[in-house]
Structures are given as structure tokens and as C-alpha cells.
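I set out to record what could be looked up in this structure, entry by entry. The notes below follow the order in which I consulted it.

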Amino acid sequence: MLGKTIKMPQETVFIKGNHAIVEAAIDAGCRFYAGYPITPQNEIPEYMSKRMPEAGGTFIQAESELISINLVFGAGAAGARAMTTSSSPGISLMQEGISYMAGCEVPGVIVNIQRGGPGLGNIAPSQSDYYQAVKPGHGDFHSIVLAPHNIQEMYDYTVKAFDLADKYRIPVIVLSDGLLGQLMENITLKKDQETEYLDMPKDWALTGAKGRDGQRILSLLMRPGALEKHNEHLREKHRTICDNEIQYECFSIDDDIDCLIVAFGTVARISKGVINIAKDMRIGLFRPITLWPFPYMKINELSKRVKKVFVFEMNYGQMLDDVKIAVENSDKIEFYGRTGGGIPTQEELYQFIKARTKGRGY
Amino acid sequence: MEERIIIAGSGGQGVQTLGFLLAEVGMSDKKRVTWLPSYGAEKRGGFSFCHVVISDQEIYSPYIESPDTLLLFDQRALNTYKDYVLNHTLVIENSSLIKEDTVVNGKKVSIPATDIANSILFTQAANTVMAGAYFALKTIFHVENALKVMRAVLVKKSKQIFEKNEKALYQGFNFIKENYQYV
């Protein structure tokens, strides 16, 4: 009974975050999954091992995370919608593969259900892989990073991740955490949805050369100037993504706010609760949904209207750096972070805001 | 309406299952629900808790620091959560396994849930007895809805287990009705 998805009328289900990712992948047309066990994402491969064969796809429990990401690399190169999932230490092991996929422009989805670090750390929720997600691997590239903050979004943004990956031929990371992975919530599944780029032709894919010239996918470009040209091409692609794919949520932001909270994922959810209890203050929440591309311009614009910008994270200040780039007057910024699996409470954040605004609410 | 519930006890007592049941009952009433389990290296006998939120609106933090209701299964649970009790908090204690009650605030209710479960020869149903007590005290939910959810989940497994749980649910419910008329 525990942790099992129970289907209700109107496609509403009471579902665990990790299971929502599996349902989303299947609904998005993902037919190849490779993964290796690690808490707190184990429900994903466990449930996927049942759902993927039902959907006629391939499930592989690989012998390591290195193999997982390279299997996804191979499946993606052959044109399949492919996914791997892991938690922080496992994602560290995948960095080389993500870089190769980006270099080769092979699409794929990587889900990180973050836990405490560094090292093996612990299995409690954390957001300390922000830096690694927005700039993974080696070399000049970015991957798109989506940060859901509830279970509906775990589903919706995993579906979207597959579309973005195919549209731009880029690895897409869904950055979640142990709390959202383990949390159950009622959500609406969109079983009948058409994903926008599901059937887009992949004429670059390695599907066998019968009836056409052979083609290759590689990231080793040794000819003088070839790599620079390739990286220029990647940069143009990155610019297009920055122009078109930035997503965020403005919560309780009106003309009179004195304070702005910037937070993503789980902490954004808790911050909404803070705004709900801080009736004596005029606070709004800005929640980046794409962590790359990061909504610098919007934060810049909003920061001019407020007296304080609070950055809350479950780490020691990683997104904080991006907010500092966005906000012209960094004296306005106040940071509060918990680390090593600590979850900030509503009350804790509320008291921090009060202390830093001397109780005036700004 | 927002109801924030913490359930705590030991692995094997049905703490997570009870949380799941309450969430399902909330859902059957068209509410939004969240259920957050403890997921450390728990095993039978280890400390186990879960946070359940049931609400008419978007649920912000699923992590609870000020509970409306605390369901405490044993002494360790009480010792861990006694400082979370606020004046408005309803505390339902399993008095079969709580000998030293140090909770000072809140509205306290004691029910010998494990003894009641043993009396129907099904010690695992202590959580269902606690559920019965909860539904007797929180009239925003109907005990019949709990029965419906239990039927949907349990009958497939075993009719006998469902019937024992049904008995446990109503014994918990009636115990409160008989002993705590004015809570």
C-alpha cells in the first residue's frame, strides 16, 4: 500500500515525487532508462523497472552511474528519448558523460534527487548541487536545468525536459531533492497530452546507414579551428535558449512590496508559507524555475523596486552568486542557508527576515 | 481549512500507513494533501514519523513545525515531539506504551490503542484504533470516509484483515465518544 500510486477519477493521483518522474517519462515517450540505486531516488528505478517494460521500453540496472549515463548517451545518439536518474554522489560520477553528450549534441534527461554532501554526505534533502547542475562537466557548455517545487511540477517539468532536450539537442537536468522525491501529493496526470517535439525528425541520429551516407556523432574535433567553430555554434544555441526558455514564478509580487525572496525548489515552497504567515510585511517571492538559463533580467528589474532581497537556499549560498550578478546594489542582499540535510522552517525564515529588517518588514 | 498532522512512533506500528490513510481520506474529501515520510535507515523498531497536511488551498511547506494534531505511539515519540505541542495542538497519545506523560500544553487525549488492538487479537491495528480516535475528535472528516478508503485498499488483500481493522477503527472512535465528551 505504501508509496503505491492510486489512480482516482479525473486522472488525479496521489503519488510520490519519485514515481511522478517515472510516469512523466513514460508519458513523454521515454523508452530507454538506465540507472543505479542510491537513496533518496531508489523509488525511480524500482518503479521504472515495472513501468518501462509495460510501456514496451528498455530498463537497465547498470553496474554503475558511469555506465548509466553512457547508456543514455548511446540511446540518445540512436534517436531514443532516454533518461537516467541518481542522487548527488551518483550525479558527480556522470559529469564526464554529460559533457560528452553536450559536445555531441545528444539529447537526454538527467534527474538529480539531491542529498546532503560533500562526499557520501547523508540521505537528507539538500540543494547543494546547484553549481554542478548549472555548470556540469568540463568544457564550454551549459545544460538546461529545471527546478520543480511540488509534485505536479516534478511531473510537468520532467515531460518538458524531454521536449527541450530534443528541441535543442542538449542534456537537460531536472534538479530536485530528497524531500520532493519522497513527498506524496495529489496531482493531475496529462495522459493524453501531445508533447510538442515527440515526433520531430532526428536526421542526425545513428539509425543505420542503409539508403544514405554514413554519419558520425563525436566530440573529438582535432582539426585546427574546428572545435572553436563548434563551440561558437554551441554558444549561439545557448543564446537562443536564453532568449526563449527562461521560466519563473512570481508569487505575491505586487507594486507595494518592500522585500523580495528569491528561492527555488523546496525552499521556494517554504518561502510561500513564510509570506503566508508574515501578514505584517509586504513580501513577494521570485522563484526561478529554469536555473539555467537564469532569469537575471527579471530579478534585476524586481530588485530595483524593493529595499531588501532575501536569498534562501538549502546550501551555503550557490544561487546567491547568480542573484548577486542580477542585483545591481548587492548591499540589498541578505542570505540564509541551511546545509547538510537541514531544512529551514517557515518560522526560522520569518524570524530571519524580521531580524534583518529590524521588524519593519523591509 | 488546513490541518497539519505529525504522527510518530516506531517502525512496524503503522505510523506511515496511518499517515497515508489520513491523506487518502483528505483526498476523498477533495482536499489537497501532502504526505512526507521519514526515510532514514529505518527498520522495525527504529524511530519513524510522518508529516501529513490536508488543506483547501495550495499547500506551501509540507514540513511541519507547528502541528495542529500530534499522534504519538510510544514514549520515544512523546519525548521527541513534546516540545512541538502548542496551545491549540490536539495530542492523541497511545497510553498503552506511554508511561511518563510530560506534555504540558495542548489538548491531550489518551487512548490505550495497543491494548484495544490486542483485545481484538490484532496488535498491528493499533494505528487504526488511533485513526478511530482521530476521526472522533476531528469532525471535519467523517469516519465513514476512512472506512471507505480502508475497504478499497484492504479488501483486495484480505477480507479478514479489513474486518479486524473496521472493528479497530470503531473501537477507537467509540472509546473517545465515551470517555471524552467535551474535548
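**Entry 1: a strand pairing across chains**

I began at Glu185(A), which stands opposite Thr34(B) in strand 2 of chain B. The model I am reading is a predicted one. I then looked up the pairing to which these residues belong: strand 9 (residues 184–188) of chain A and strand 2 of chain B run antiparallel and share two bridges.

Next I followed strand 2 of chain B to strand 3 (residues 47–55) of chain B, and found antiparallel pairing over six bridges. Within strand 3 of chain B, His51(B) is the residue opposite Leu36(B). I also checked burial: strand 2 (residues 32–37) of chain B is mostly covered, with five of its six residues buried.

**Entry 2: the open sheet of chain A**

I turned to a sheet in chain A and noted its strand order. The sheet is open, has five strands in the order 10-12-11-14-15, and its pairing is mixed. Strand 10 (248–251) and strand 15 of chain A are the edge strands, each pairing on one side only. From one strand to the next, I recorded an average twist of 20°.

I then looked at the individual pairings. Strand 10 of chain A is antiparallel to strand 12 of chain A, with four bridges between them. Two positions illustrate this pairing. Glu249(A) has Arg287(A) as its bridge partner in strand 12 of chain A, and Phe251(A) stands opposite Leu285(A) in the strand 12 of chain A. Strand 11 of chain A, by contrast, runs parallel to strand 12 of chain A, and four bridges join them. Here Leu260(A) is partnered by Gly284(A) of strand 12 of chain A.

**Entry 3: burial of strand 12**

How many of the residues of strand 12 of chain A are buried? I found that six of the six are buried, so the strand is largely enclosed by the rest of the structure. In a regular strand the side chains alternate between the two faces of the sheet. I therefore sorted the residues by side, and both faces of strand 12 of chain A proved to be covered, with Ile283(A), Leu285(A) and Arg287(A) buried on one side and Gly284(A), Phe286(A) and Pro288(A) buried on the other.**Entry 4: helices against the sheet**

I looked up what lies over these strands. Helix 12 (residues 319–326) of chain A lies across strand 11, strand 12, strand 14 and strand 15 of chain A. Helix 12 of chain A runs at about 160° to strand 14 of chain A.

For helix 13 (residues 346–356) of chain A, I listed the buried residues as Gln346(A), Leu349(A), Tyr350(A), Phe352(A) and Ile353(A). Seen down the axis of helix 13 of chain A, these buried residues fall within an arc of 160°, so they line one face of the helix. What covers the buried residues of helix 13 of chain A? The cover includes strand 11 (259–262), helix 10 (265–277), strand 12 (283–288), strand 14 (308–313) and strand 15 (333–337) of chain A, together with strand 1 (2–10) of chain B. I also noted that Lys358(A), which follows helix 13 of chain A, has a positive phi near 50°.

**Entry 5: domains and nonpolar cores**

I recorded the division of chain A into domain 1 (6–201 + 235–240) and domain 2 (248–356). The C-alpha centres of domain 1 and domain 2 of chain A are 26 Å apart. Their contact takes 28 residues from domain 1 of chain A and 24 residues from domain 2 of chain A.

I then examined the largest nonpolar core, which has 110 residues. Met83(A), Ile144(A), Ile261(A), Phe312(A) and Val323(A) touch the most other members. Helix 7 (residues 151–168) of chain A supplies the largest share of this core, 10 residues. Domain 1 and domain 2 of chain A both give residues to this core, so it lies between them.

I looked up the contacts of Ile144(A), leaving aside neighbours within four places in sequence. Ile144(A) is in contact with Leu164(A), Tyr168(A), Ile170(A), Pro171(A), Val172(A), Ile173(A), Ile241(A) and Trp292(A). A second, separate core has 50 residues, among them Phe14(A), Leu22(B), Ala133(B) and Ala168(B).

**Entry 6: a loop residue of chain B**

My last query concerned Thr102(B), which is found in the loop between strand 5 (90–94) and strand 6 (107–111) of chain B. Thr102(B) has 34% relative accessibility and counts as partly exposed. Not counting residues up to four places away in sequence, Thr102(B) touches Leu78(B) and Lys82(B). Between the C-alpha atoms of Thr102(B) and Lys138(B), 36 residues apart along the chain, I noted a separation of 23 Å.

How values were computed: Residues numbered from 1 in each chain as written. Chains lettered and ligands numbered in written order. Predicted model: local features only at pLDDT ≥ 70, side-chain atom pairs only at ≥ 80, totals over all residues. Heavy atoms only, no water. Core = buried A, V, L, I, M, F, W, Y, C linked by side-chain atoms within 4.5 Å. Buried < 20%, exposed > 50% of the residue type's maximum accessible area, 1.4 Å probe, protein only. Domains from an automatic or database assignment. Contact = heavy atoms within 4.5 Å. Arc of directions from axis to C-beta. Pairing = 2+ DSSP bridges. Axes fitted to C-alpha atoms, helices over the stretch in contact; angles between N-to-C directions.
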